Amino acid sequence: MSDVTAERAIPDTPPAEENYLTAGTSLASWLLTTDHKRVALLYMATITVFFFLGGAAAVMMRIELVTPQGDLLSDDAYNRAFTFHGVVMVWFFLIPSIPNILGNFLLPLMIGAKDLAFPRLNLLSWYIFVIAGILAIYTLLAGGVDTGWTFYTPLSTAFANGQVLAAAAAVFVAGFSTIATSVNFIATVHLLRAPGLTWLRLPLFVWAIYATSIVMVLATPVLAMVLLLIFAERAFGIPIFDPLRGGDPILFQHLFWFYSHPAVYIMILPSFGVISELVTCFARRRVFGYNFMVYAILWIALVGFLVWGHHMFVSGQSMLANLVFSFLSFVVAVPSAIKVFNWTSTLYRGQIVFDAAMIYALGFIGLFTIGGLTGLFLASVPVDVHVTDTYFVVAHFHYIMVGGAVSALYGGLTFWWPKITGRMHPESWARFAAILMFFGFGFTFFPMFIMGFLGMPRRYHIYAPEYQIWHVLASAGAVLLAVAYLLPMGYFGWSLFRGRRATANPWGATGLEWQTSSPPPKENFFAPPVVLQGPYNYHPEHAGPPSLEREPHEPQGGPTERAP
Amino acid sequence: MSLALWPATASEQAAHIDGLFTGLLVVTGLILLLVAGLLLLFCIRYRRGTQAKRGDLPEFLRRDVELGWTAATLFLALFLFWWAGTLELRASMAPPEALEIHVVAKQWMWKARHPNGAREIDALHVPRGEAVRLVMTSQDVIHSFYVPAFRVKQDVLPGRFTEMWFRPTRTGEYRLFCAEFCGTQHSRMGGMVTVMEPEDYASWAAAQPQEQDLPGEGEALFTALGCAGCHAPASAVHAPVLQGVYGRMVHLADGRTVRADQAYLRDSILQPQRDVVAGYAPIMPSFAGLVDEADLQRLVAYLQSLRGEAAR
Ligand SMILES: [Cu+2]
Ligand SMILES: [Cu+2]
């Protein structure tokens, strides 16, 4: 494949015209930028810090859990570690990761716009995020929280002695950043599409980000509200959830999961978009069933709001409610299945190349399928009663959100890295990391399904000895996984300085973002693109890709004129 | 340490749930094989450079297949829902003759009381073959009663009673866990469930020392000593109602405000003249000498136990 690699890189001369990276080098030019591409990089830096912090907490837990006794951490320290891990990974890593890094960078490029609809709001949302992040770190320094990321009442309002208010404030503030970003994305997709880019010509990544933004706008206020109620009860003693004073602890769970189930889709929908871009490009095929892919995204976004009660099958909820939520949870599984089938069928009669990004995408499909299928177990009330609040659930959602969303993030970064930085990453290292990530993930989390089914409850600092073997396996796998996560940071960093310069379109992809230079100029395009057809035209309409040559494929936008 | 892949199965429900679980394993296993198989097949057959036939997709693949598997997955989902749902409905109600055991959870222990008054902590003895119904409540945060071998789990809530039932089918010792995170020592909040032959259970229950029930005995004293005559809500005497007194701020006749802690309650009984509640005549007689320390403890425990009920 050396011929292909050679085509992707160009001689190492600094790019002739100015690009968004060279358009200003002072600190202020970064901290006061309104360029969506720079804001995306600001987010990338911040989110990486939180990925490290959340990951460090996970490492401590995995080390602690090697033995059944508590030997590294005290009870409280362990409880604080998993709470910190959950809060940081959910709100400061997973939720913002793909939308705010890749979405921010790519959305305007993919629709042929110069920037987001509200560039300054975009910068503001980063600052809000940073404030929230500082609050989260303050929470840690001030001693941490010991409620779990779910903040269940009355534990969080009346009994926990950690920094519940600080943690709640951090999440509350982060919510405003989320809302600002999503409003911006929605407006951008509505207002700034290039001429000819109709809704059903949008790349699936844009659809995914758009649907995610709608879920964010609708769900996040509910989170803000329930956090305010926690504040009212804990700080001012106003009984909302305290049953001894007329409150209802279950009310909290309804409100919390009304947000947090859609939040699962906030975390996974964007990766659906990423995977659709990757699979089509490296299989050189039009996506199978484009319309169904769009409907599936919208269906998930809608029905995702109606299934929160599946987190409460053992909470004392009525039988009728259990059955209704169980039914809806089964129904919401259908569109996810469609997506998996369609990605698989996209490979059929393709011309598949196993570049690193594609390996990530294939790994994603495998892991997401396992995560989704185990969701069927949890949607069945009698089985859920047994495995809820055990490691089975831990394994299930890590398969979706880590095996799924994080693999997609790494895959997406690998794919768009040349566009973002103008440099190629070392391909063989990237493939190695992608394979290691897949297996490391499996070794870490598959044992958790087994121990969960055997009855190992989650959030246990010490545990019964019969579960040790599974914990040891998981901890050993976590070592591989940690290496797989750190490796790309190493070679991405290296490529920034030593990587070969990328061509405008190293993968021969069709999206508009590839029709401009790598890295793009500040204004994204030298001449405003015009769109004449739908996405993924990797081969003529009633044909397929040839077996060997990469051409012909037609970029989505008409060829853009270079500025003189 | 033996390597078990399947948890012990020790209740009637467990057998049913395992049936459903196995069914799900088979169905999802097949789907996974299908997806993984197709992925592998396509990846090998259509990798760049192979001579496999490419070109346009056959017409039927483009629409019918998509509609077909959408319908098929929907149908499969509905079928699984029906299976799980009927199982759940069938198992929901405890049989009327079930043995009723009361369980109280608190940070970080389980307390159980059997119908004959036998009590135990972090342990539960139950007869084999009989339906057992647990009526549970919590004194502080939410806990969850979980016995993996029975495949049952139920959250235990403060200020509310939740129930669950099971019919043990195999004698032996099984682990009991708290499954809902409940604070510092959550992972230590567990114990053992012992399933015994019914005869053994009967003799075990009879042999249990009837543990003290301070508040219960205090309640009896409260009536016996005549406290109720003045303090009962319906009493003709003008005396404060004691529901919820513990922990409350009390305004006294001399203008002070004090918290009704344990010491205050003791004083109120032994030296009622010292802290007279505002708005009441100092007519309460001193009980110093009439009640010994043990009785005093019982009375105070009873007054403390009135705490929750008032608010409910
Ligand atoms: Cu959910
Ligand atoms: Cu507990």
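**Copper ion (ligand 1)**

I started with the donor spacing of the copper ion (ligand 1), which reads H-x48-H-H in sequence. I was working on a predicted model. I then listed the donor atoms. His261(A) gives ND1, while His310(A) and His311(A) each give NE2. The coordination distances run from 1.7 to 2.0 Å.

Next I checked accessibility for two of these histidines. His310(A) has a relative accessible area of 15% and is therefore buried, as the cut-off is under 20%. His311(A) comes out at 26%, so I logged it as partly exposed.

**Copper ion (ligand 2)**

I moved to chain B for the copper ion (ligand 2). Which residues coordinate this ion? I found His143(B) through ND1, Cys178(B) and Cys182(B) through SG, and Met189(B) through SD. Their distances to the copper ion span 2.1 to 2.5 Å. Along the chain these donors follow the pattern H-x34-C-x3-C-x6-M.

I looked at the geometry too. The four donor atoms subtend angles of 88 to 126° around the copper ion (ligand 2). The arrangement is tetrahedral because the criterion asks for all angles between 85 and 135 degrees.

Are the two cysteines buried or exposed? Cys178(B) has 0% relative accessibility, so I marked it buried. Cys182(B) is also at 0%, and I marked it buried as well.

**Chain A overall**

I stepped back to chain A as a whole. I noted 16 helices and two strands. The radius of gyration is 23 Å, and the globule rule gives 24 Å for 564 residues. The two values are close, so chain A is as compact as a globular protein of that length. Along the principal axes, the C-alpha atoms fill a box of roughly 75 × 45 × 45 Å.

I also looked up burial and contacts. In chain A, 67% of the 564 residues count as buried. Among contacts with a separation of 6 or more, 82% join residues 24 or more positions apart. The exposed area of chain A is about 18,000 Å². Carbon and sulfur atoms make up 72% of that area.

**Thr444(A)**

I picked Thr444(A) for a local look. This residue sits in helix H15 of chain A, which covers residues 427–453. Its relative accessibility is 2%, so Thr444(A) is buried.

What does the side chain of Thr444(A) reach? I found the backbone nitrogen of Ala478(A) at 3.1 Å. A polar atom of the Thr444(A) side chain also lies 2.7 Å from the backbone oxygen of Gly440(A).

I then listed contacts, leaving out residues up to four places away in sequence. Thr444(A) touches Ala474(A), Gly477(A), Ala478(A) and Leu481(A). Ala478(A) thus appears in my notes both as a contact and as the polar partner through its backbone nitrogen.

**Gln139(B)**

My last entry is Gln139(B). I located this residue in the loop between strand E5 (132–138) and strand E6 (143–147) of chain B. His143(B), a donor to the copper ion (ligand 2), has the number at which strand E6 begins.

With 48% relative accessible area, Gln139(B) is partly exposed. I found contacts to Val104(B), Ala105(B), Lys106(B) and Lys111(B), again without residues up to four places away in sequence. Val104(B) is 35 residues from Gln139(B) along the chain. I noted a C-alpha separation of 7.1 Å for that pair.

Key. Residues numbered from 1 in each chain as written. Chains lettered and ligands numbered in written order. Predicted model: local features only at pLDDT ≥ 70, side-chain atom pairs only at ≥ 80, totals over all residues. Heavy atoms only, no water. Donors = N, O, S within 2.8 Å, 3.2 Å for Na, K, Ca; no water. Tetrahedral: all angles 85-135°; square planar, octahedral: opposite > 155°, others 65-115°. Buried < 20%, exposed > 50% of the residue type's maximum accessible area, 1.4 Å probe, protein only. Helix = DSSP H or I, 4+ residues; strand = E, 2+ residues; numbered from the N terminus. Rg over C-alpha atoms; globule rule 2.2 N^0.38 Å. Contact = heavy atoms within 4.5 Å. Areas by Shrake-Rupley, 256 points an atom, 1.4 Å probe, with all protein chains shown as cover. Polar contact = N/O pair within 3.5 Å; in protein donor to acceptor, adjacent residues only side chain to side chain.
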